[in-house]
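Okay, thanks everyone, let me get going. I'd like to walk you through the charged side chains and the chain contacts in this one, so have a look at it first.

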Protein chains: 4
Amino acid sequence: MRAAVFFIFRPENGRFLLMKSDINDLTKRIIAFRDARDWKQFHNPKDVALSLVLEAGEVMEHFQWKNKEEMAKYVIENKVAIGEELADVLYWVLLMSHDLNINVLDALEKKIKINEGKYPVEKAKGKHTKYTKL
Amino acid sequence: MRAAVFFIFRPENGRFLLMKSDINDLTKRIIAFRDARDWKQFHNPKDVALSLVLEAGEVMEHFQWKNKEEMAKYVIENKVAIGEELADVLYWVLLMSHDLNINVLDALEKKIKINEGKYPVEKAKGKHTKYTKL
Amino acid sequence: MRAAVFFIFRPENGRFLLMKSDINDLTKRIIAFRDARDWKQFHNPKDVALSLVLEAGEVMEHFQWKNKEEMAKYVIENKVAIGEELADVLYWVLLMSHDLNINVLDALEKKIKINEGKYPVEKAKGKHTKYTKL
Amino acid sequence: MRAAVFFIFRPENGRFLLMKSDINDLTKRIIAFRDARDWKQFHNPKDVALSLVLEAGEVMEHFQWKNKEEMAKYVIENKVAIGEELADVLYWVLLMSHDLNINVLDALEKKIKINEGKYPVEKAKGKHTKYTKL
């Protein structure tokens, strides 16, 4: 159950790029990890989504009560710990996408296009206003 | 700002695989989308994590009050909508990972190894017990 | 800083009722607890709301992965622990209401009336449909 | 199903205080509202906790992306809307406490005492450090 080694050919510069791991491999490993433990029985969408929310909460907890200066210092000193929490969120995103047969990379690509329509540069520049109020 | 076209060479079967998009490209597009709108100024870790939690909540909301049968039907009929919410979660995972200089794929790979240690198959099989209580 | 002892006169039955504590007293104690520690400086609405979400998550975590039968057993055996988490949520509701000068009991009374309008018995009975789709 | 009118006798100053509504009455109204719609069947602890988290998220969403100055202005102009979201959180706290037979006011009183022990004034004053690291 190892991640394959990839050589990615980038047509824009004619080079090959070595990659250690990618989303599809990670998804396969997550599912193999799960199935080896016979946990599919617990992974209904409600409990998986609940786990996703709790892990997102653990990312957020790192920043509770901290002001900008404290956060700037904190993120440097706690990069590994924050990375682990972000990995936990990604874990559930990939597992749920797999189980519901959703291509989340495609979905994200589409979502970026949707957001480009919702937030045209000339209207949204420098504002944090929701698109419904732009 | 288009996603590159990839040809992935898989050494295990000697074949090339065409890929439309990958995590690095999506991250680049997200950051370009953000920077074109001059939104970096709002993207402190606290507000980004808060957004991550809210988007995870929107995934979860799809399953509120539904029992297993209702969910099974629902996920088929609402695959696109659920995919959009998962994409929103992934969006913030990638943006935060970028901003904090975290390689989230590496972090996930390490996390899977950690979890393999925390949840040995012989102890964890068929149980949803937390590792601290196994 | 003790909760006062109340005698509540209920006009409907002409009786007095002894109460140990109420919302106003609890709010006063929470604020006194906070101010004795000089924590007002940290209690901006964003961080208080973030804490509210995290504590609500801790309530939810109790039920992760459990089916109905497991939950029924669990809530009896873990009443004190669940009560503590609900108390933590109430803590932040009362603190935020105090700081923003909101009468949350009045707000709840109004909200119940609003919901009575959104969910008329004849339409909503036995259904978990959101009012926008009734 | 109206909230009773109370006269609270405060022994410390010998006065009676008129109160429109209290926690017990609000709980009764919430349960009557629920039972009239035959919604008890949906109110398992997991879905109720999930709703609690989502409503807490709606409180938090009000403060997304806003800095201190923007929040100060916002909370004054949006007091009613924020109050409604806090009321929604309180709604689920009271409903769950009722269903699990938890006296949440007692639980909060106990929790304040616990926190007084965890965060002694001389150690915690002016710091937002978690008690485990004090």
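Right, let's begin with a little cluster in chain A: A:Arg34, A:Asp35 and A:Asp99 are tied together in a network of salt bridges. Before I go further, please keep in mind that this is a predicted model.

Inside that network, A:Asp35 pairs with A:Arg34, and their closest N and O atoms sit 2.9 Å apart. So how exposed are these two partners, A:Asp35 and A:Arg34? A:Asp35 has 42% relative accessibility, so we call it partly exposed. A:Arg34 comes out at 0% relative accessibility, and therefore counts as buried.

Now hop over to chain D. There, D:Asp35 makes a salt bridge with D:Arg34, with 2.9 Å between the closest N and O atoms. D:Asp35 is partly exposed, because its relative accessibility is 42%. D:Arg34 has a relative accessible area of 1%, so that one is buried.

If you're wondering about the overall tally, searching the whole structure turns up 32 salt bridges over all chains.

Let me zoom out to chain A for a moment. Chain A has 6 helices and 2 strands, and from the N terminus the order is β-β-α-α-α-α-α-α. Of its 134 residues, 54% are buried. And if you take the contacts in chain A between residues at least 6 apart in sequence, 46% of them join residues at least 24 apart.

Okay, on to bridges between chains. B:Lys111 forms a salt bridge with A:Asp88, the closest N and O atoms being 2.6 Å apart. Why does this pair join two chains? Well, B:Lys111 lies in helix α5 of chain B, residues 104-118, and A:Asp88 is in helix α4 of chain A, residues 79-99, so the pair links the two chains. And are B:Lys111 and A:Asp88 buried or exposed? Both of them are buried.

Chains D and C have a bridge of this kind to show as well: D:Asp88 with C:Lys111, where the closest N and O atoms are 2.6 Å apart. In total, the D and C interface holds 6 salt bridges, and there are 15 residue pairs in polar contact between chain D and chain C, both residues at pLDDT 80 or more. What builds the chain D side of that contact? The elements giving two or more residues to it are β1 (6-10), β2 (15-19), α1 (23-36), α2 (45-61), α3 (68-77), α4 (79-99), α5 (104-118) and α6 (121-124) of chain D. The largest share comes from α4(D), with 14 residues. By class, the chain D side that touches chain C has 50 nonpolar, 11 polar and 23 charged residues.

As for the extent of it, 84 residues from chain D and 84 residues from chain C take part in the contact. Together, chain D and chain C bury about 7300 Å², and 71% of that is on carbon and sulfur atoms.

Next, chain D against chain A. This contact takes 11 residues from chain D and 11 residues from chain A. The buried area here is about 840 Å², with 59% of it on carbon and sulfur atoms. Which residues of chain D lose the most area to chain A? That would be D:Lys46, D:Trp65 and D:His128, which together make up 53% of what that side buries.

Across the D and A interface we get 4 salt bridges. One of the pairs to look at is D:Glu61 with A:Lys130, whose side chains meet at 3.8 Å, N to O. There are also 4 residue pairs in polar contact between chain D and chain A, again with both residues at pLDDT 80 or more. On the chain D side that touches chain A, α2(D) gives the most, with 6 residues. Sorted by class, that side has 4 nonpolar, 1 polar and 6 charged residues.

Last stop, and it's a lysine: A:Lys66, in the loop between α2 (45-61) and α3 (68-77) of chain A. What's the nearest side chain of opposite charge to A:Lys66? It's A:Glu70, at 7.2 Å, and A:Lys66 is buried yet has no salt bridge. For reference, a salt bridge here needs the nitrogen within 4 Å of the carboxyl oxygen. Leaving out residues up to four places away in sequence, A:Lys66 touches A:Met71, A:Tyr74, B:Lys46 and D:His128.

That's my tour, so let's open it up for discussion.

Definitions and conventions
Residues numbered from 1 in each chain as written. Chains lettered and ligands numbered in written order. Predicted model: local features only at pLDDT ≥ 70, side-chain atom pairs only at ≥ 80, totals over all residues. Heavy atoms only, no water. Buried < 20%, exposed > 50% of the residue type's maximum accessible area, 1.4 Å probe, protein only. Helix = DSSP H or I, 4+ residues; strand = E, 2+ residues; numbered from the N terminus. Contact = heavy atoms within 4.5 Å. Buried area = accessible area lost by both parts, 1.4 Å probe. Polar contact = N/O pair within 3.5 Å; in protein donor to acceptor, adjacent residues only side chain to side chain. Nonpolar A, V, L, I, M, F, W, Y, C, P; charged D, E, K, R; others polar. Lys, Arg positive; Asp, Glu negative; His and termini not counted.
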